[in-house]
Amino acid sequence: MLVEEPSYLAALQCFALAGARVVPVACDEDGIVPEALDATAAAERPVALYLIPNFQNPTGRTLPAARRVAVAEIAARRGLWLIEDDPYGALRFEGDAEGPIAALGPAADRTLALSTLSKIAAPGLRIGWVRTPAALRRGLVVAKQAADLHSSTIDQAAAAAWLADVDLGARIAGLCEVYRERRDALLGGLAGALPPGSTWNRPAGGMFVWARLPQGHDAQELLARAIEQRVAFVPGAPFFAGTPDSRALRLSFTTHPPQEIRSGLERLRASW
Ligand SMILES: Cc1ncc(COP(=O)(O)O)c(C=O)c1O
């Protein structure tokens, strides 16, 4: 299984439990690097590539249109299945959305497109969905039955009732407005909150900012001191399938209102 480097921790755990050999593919600030994907696919002969093209977890990165086309073309040429996981695409605060890889010609019959109600309704519902090529559908149904028989009927009924009533467009627009303010509060205060020389990105949506501490710093050590100040972030190292970057960290901006974010940033500053 090829994965972006870094990638979503629970997916890495899931692939490991299934006994997959997980191989990372080099990424830059725009996500997966097509040349690296092509070379790694040629060398490793993987079955599939798992990727999160919109506001990735943990990096917040979004794959540009030209790279989506390149990924679809490489997948077709190298005979790869694509697993396109998109929980965050709806949470775009600015700019235009990129289309899904699954909608591109060469990828259409080889992409499993996943999403979920977790980021737009409630994660506790545990309801998501997959759009899959016909050739895989029956096998997936059997695997789902083997895993848990079926998703809770009661929770599905609750979700259906919610979806029947909600103005989903307005709901998502409301989330985006609130999350944009929170992202801006985080970005506005980060320069004073992380050690001088730290770097970070500015995602146009999603839930996460990805940062890197300067040389000589370690995110795990900083977390221990941050917790003493009653503030937390997620160290980046566990998201790496290959060599971990001990200076990387993920900052989530969605849970707390701007004032609490500012207070948390002051405490983060106090921790170093
Ligand atoms: C990339 C990615 N996929 C899936 C999920 C989880 O989705 P669900 O709550 O539907 O399991 C998350 C949530 O953290 C995620 O970041």
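Which space is taken by the ligand? Before we get there, a word on what you're looking at. This is a predicted model, in which local features need pLDDT of at least 70, side-chain atom pairs count only at pLDDT 80 or more, and totals for chains, interfaces and linings use all residues. Residues are numbered from 1 along each chain as its sequence is written, and side-chain values use heavy atoms, with hydrogens and water left out.

Let's start with empty space. Rolling a probe the size of a water molecule over the atoms shows where such space is left. Here that's done on a 1 Å grid over the protein atoms alone: a pocket is an open set of points with protein on both sides within 12 Å along at least five of seven lines, while a cavity is a set of points where a 1.4 Å probe fits but cannot get out. A residue belongs to the lining if it has an atom within 4 Å of a point. Grid points are joined across faces, edges and corners, and a volume is the space filled by probe spheres set on the points.

Now for the answer: the ligand takes up the largest pocket (to sit in a pocket, a molecule needs more than half of its atoms within 2 Å of the pocket's grid points). This pocket has a volume of about 1600 Å³. Its lining counts 42 residues, and Cys 14, Ile 83, Leu 114, Trp 129 and Val 130 are the ones nearest its centre. By class, that lining has 26 nonpolar, 9 polar and 7 charged residues. (Ala, Val, Leu, Ile, Met, Phe, Trp, Tyr, Cys and Pro count as nonpolar, Asp, Glu, Lys and Arg as charged, and the others, Gly among them, as polar.)

Where do these residues come from? Helix H4 (134-148) is among the elements that each supply at least two of them, and so are the strands S6 (81-85) and S7 (111-116). H4 gives the largest share, 8 residues. Helices (H or I, at least four residues) and strands (E, at least two) are DSSP runs, numbered from the N terminus.

Zoom in on the ligand itself. Its surroundings include Tyr 8, Tyr 50, Asn 57, Lys 119 and Arg 126, where being near means having a heavy atom within 4 Å. The shell has 5 nonpolar, 3 polar and 3 charged residues. Then look for polar contacts, pairs of N or O atoms within 3.5 Å. Asp 85 has a side-chain N or O atom 2.6 Å from a nitrogen atom of the ligand. Thr 116 places a polar side-chain atom 2.6 Å from a ligand oxygen, and for Ser 118 the distance from a side-chain N or O atom to a ligand oxygen is 2.5 Å. On its own, the ligand has 400 Å² of accessible area, and the protein covers 81% of it (areas come from the Shrake-Rupley method with a 1.4 Å probe).

Next, a closed space. The structure holds 1 cavity of 30 Å³ or more, and the largest cavity has a volume of about 50 Å³. Among its lining residues are Pro 6, Cys 27, Ile 52 and Arg 61. Ile 52 also belongs to the residues around the ligand.

Pro 6 deserves a second look: a cis peptide bond joins Glu 5 to Pro 6, with omega about 0°. You'll find Pro 6 in the loop between strand S1 (2-4) and helix H1 (9-17). Another cis peptide bond links Asn 57 and Pro 58, with omega about 15°, and Pro 58 sits in the loop between strand S5 (48-51) and helix H3 (65-78).

Finally, try the second largest pocket, with a volume of about 380 Å³. It is lined by 18 residues, and those nearest its centre include Ser 252 and His 256. Helix H8 contributes the most, 6 residues.

Terms used. A polar contact is a pair of N or O atoms within 3.5 Å; within protein, one must be able to donate a hydrogen and the other to accept it, and residues adjacent in sequence count only if both atoms are side-chain atoms.
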